[in-house]
Amino acid sequence: MSQRQDPDGRRLPIKLDSTSNGEFTPVPLAPEHHHANALAHDLAELNARRMGVSRRGFLVSACGAASSLLAMNAAYAAAGKRGGFFQVPAEAALEPAAAEAAVSGKEFIFDVQGHFVNPTGAWTRALPEAARPLSGFGTQGCAAAALGGRLDHLQCFGPDAFLRDIFLDSDTSLMVLSFVPSTREGEPLTIEEAAATAAIVETMQGTHRLFLHGRVNPNQAGDLEDMDRLAATFPISAWKTYTQWGPNGERGFWMDDEAGLAMIEKARKLNVRNIAIHKGLPFGPRSYEYSTCADVGRVGKRFPDVNFLIYHSGFVTDTPEGPYDPTRKDGIDALVTSVREAGLGKGSNVYAELGSTWRFLMRDPDSAAHALGKLLLHLGEDNILWGTDSIWYGSPQDQIQAFRTFQISAELRDEFGYPEITPTIRAKIFGLNALKIYPVARDVLDQHLRGDAVARARENYRNDPDPSFLTHGPRTRREFLNFKAWGG
């Protein structure tokens, strides 16, 4: 096995770090996270020797992922966090068959939130001469980072890296390309560039592997009018908006304000009736109230013919998730309250999406148990969508493996009425629920996804896999502020 990436095996397959998606300030690791990483490194050294393989060879295997999850269980339990756990048998650390049974799977995985940047896009031409955006992010093993140009390193976050991370190094079947909030001139990825990448996959016979959002900030001049062009020119599957964002630092908006209502009505007129709304993960204190879910239930009830996809589920990083608290004004509780007050029960037109949310919840099994438990209890197992916010977190394979194995403790299930997370529930969240919103032809599901060129490339690659185990988003406050500075 030839390893160009991390030949000494210093990176762990479950990436427990402070990386942000660029929409919230990175949160430093707590002592239990450092403990978990240290345990995982120790187990990698010990188990690699026991199995007679290199450290890197062990970490790339299913046993490496299982071993890391077991280390997280031990560290979290030692810190008193036992509300949830990764259901991995101890023997999986050394027995490949047990490890494969735990962390591998055949689920249909439809990731409804993916990102990358265009390394040669128009946004780069507006940068100051000395600017080197994303230069501090993980690029080890990326050949472009060693080139001499000021912006060559951006190739490490472009479409080639995106396709490798998503379709080779993870089990993802389909993905929706989404967008960040930005001025019309400062988009790090335009709809034209996203469509071009989707076309690359099409030419590989990876039919319908990528779906597209159309970015709309209805409080920004020109965006509402541009919805007609987007719908006529591109295969838009949903609209993406950020209610906390305003151009030039202006205030955000509610979805039932004039701007939000105009967007909803235009979406209905154009018959693209899926609206993805960033809620939670606030950018900062400015217009904080608009980042909450107070308006979600109101518009969900008013427009039953529109699907409202609540990206991040209203989750915030600075307050742990606990039992449902109807007095809390943010977090997942605010989403639950908004839906309940509108009389929208399970199976409504409001969906909770897990991009960045699940990735952060992997750091806290108590919050993870309450967050997933509340969503399952109040929105229902049919209304939760899988998203990862990758490429910012590198390949989403570790998020997939962690979700495959996570379970709410029996104690919390008994006390709060949360359901057990069954294979059926996982399959719905991983991808089946998204098919109700982003319909895919049956022949595509049955034929192309199992045998197209992308599937064949993945199968061939996995004979000698070489995942980077890197994250690409900001990891410190300084990196985050730099990220915001160039991102509009």
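**Figure 1. Strand β3 and its two covered faces.** Strand β3 (residues 174-177) is covered on both of its faces, since L174 and V176 on one side and M175 and L177 on the other are all buried. In a regular strand the side chains alternate between the two faces of the sheet. This close-up, like those that follow, is drawn from a predicted model. On one flank, β3 pairs with strand β2 (residues 110-114) in the parallel sense over 3 bridges, and the bridge partner of D111 in β3 is M175. Strand β4 (residues 210-215) also pairs with β3 in the parallel sense, again over 3 bridges, and here M175 stands opposite L210. M175 can therefore be followed through this view as a residue that is buried, under the cut-off of 20% relative accessible area, and that is a bridge partner of D111 as well as standing opposite L210 in β4.

**Figure 2. The open sheet and its edges.** The strands of the previous view belong to an open sheet of 8 strands, whose order is β2-β3-β4-β5-β6-β7-β8-β9 and whose pairing is parallel. At the edges stand β2 and β9 (384-385), each of which has a single partner strand, so that one side of each is left without a neighbour in the sheet. Strands of a sheet pair through backbone hydrogen bonds, either parallel or antiparallel. At the β9 edge, strand β8 (residues 350-353) runs parallel to β9 and is joined to it by 2 bridges, with A352 having I384 as its bridge partner in β9. For orientation within the whole chain, the protein contains 19 helices and 10 strands, and buried residues make up 62% of its 488 residues.

**Figure 3. The largest nonpolar core around L335.** The largest nonpolar core has 91 residues, and among its members F86, W239, I275, F308, L335, W358 and F406 touch the most other members. The largest share of this core, 10 residues, is contributed by helix α3 (residues 62-78). A second core, separate from this one, has 19 residues, including A276, A434, I437 and V444. In soluble globular proteins, nonpolar side chains tend to be buried together. Not counting residues up to four places away in sequence, L335 touches C293, V296, I310, S313, V350, A352, L375 and L379. Two of these contacts link this view to others: A352 is the residue whose bridge partner in β9 is I384, and C293 is buried, with a relative accessible area of 1%.

**Figure 4. Buried cysteines C63 and C293.** What is the relative accessibility of C63, and is the residue buried or exposed? C63 has a relative accessibility of 1% and therefore counts as buried, and C293 is likewise buried, with a relative accessible area of 1%. The structure holds 0 disulfides.

**Figure 5. D165 of helix α6 and its contact with H472.** D165 lies in helix α6 (residues 159-168), and because its relative accessibility is 1%, this residue counts as buried. Which side chain makes a polar contact with the side chain of D165? The partner is the side chain of H472, at 3.4 Å. When residues up to four places away in sequence are left out, D165 touches S170, I391, G394, S395, P396 and H472.

**Figure 6. Two loop residues with positive phi, D389 and F469.** Most residues other than glycine have a negative phi, and most peptide bonds are trans. D389, in the loop between β9 and α14 (397-405), has a positive phi, near 65°. The relative accessibility of D389 is 1%, so this residue counts as buried. F469, which lies in the loop between α18 (453-461) and α19 (477-486), also has a positive phi, near 55°, and is buried, with a relative accessible area of 15%.

**Figure 7. S287 and its contacts from elsewhere in the sequence.** S287 lies in the loop between β6 (274-278) and α10 (296-302), and its relative accessible area is 11%, so that the residue is buried. Apart from neighbours within four places in sequence, S287 is in contact with Q244, E250, R251 and G252. S287 and G249 are 38 residues apart in sequence, and their C-alpha atoms are 9.3 Å apart in space. Across the protein, residues 24 or more positions apart account for 78% of the contacts with a separation of 6 or more.

Note on methods. Residues numbered from 1 in each chain as written. Predicted model: local features only at pLDDT ≥ 70, side-chain atom pairs only at ≥ 80, totals over all residues. Heavy atoms only, no water. Helix = DSSP H or I, 4+ residues; strand = E, 2+ residues; numbered from the N terminus. Buried < 20%, exposed > 50% of the residue type's maximum accessible area, 1.4 Å probe, protein only. Contact = heavy atoms within 4.5 Å. Core = buried A, V, L, I, M, F, W, Y, C linked by side-chain atoms within 4.5 Å. Pairing = 2+ DSSP bridges. Polar contact = N/O pair within 3.5 Å; in protein donor to acceptor, adjacent residues only side chain to side chain. Disulfide = S-S within 2.5 Å.
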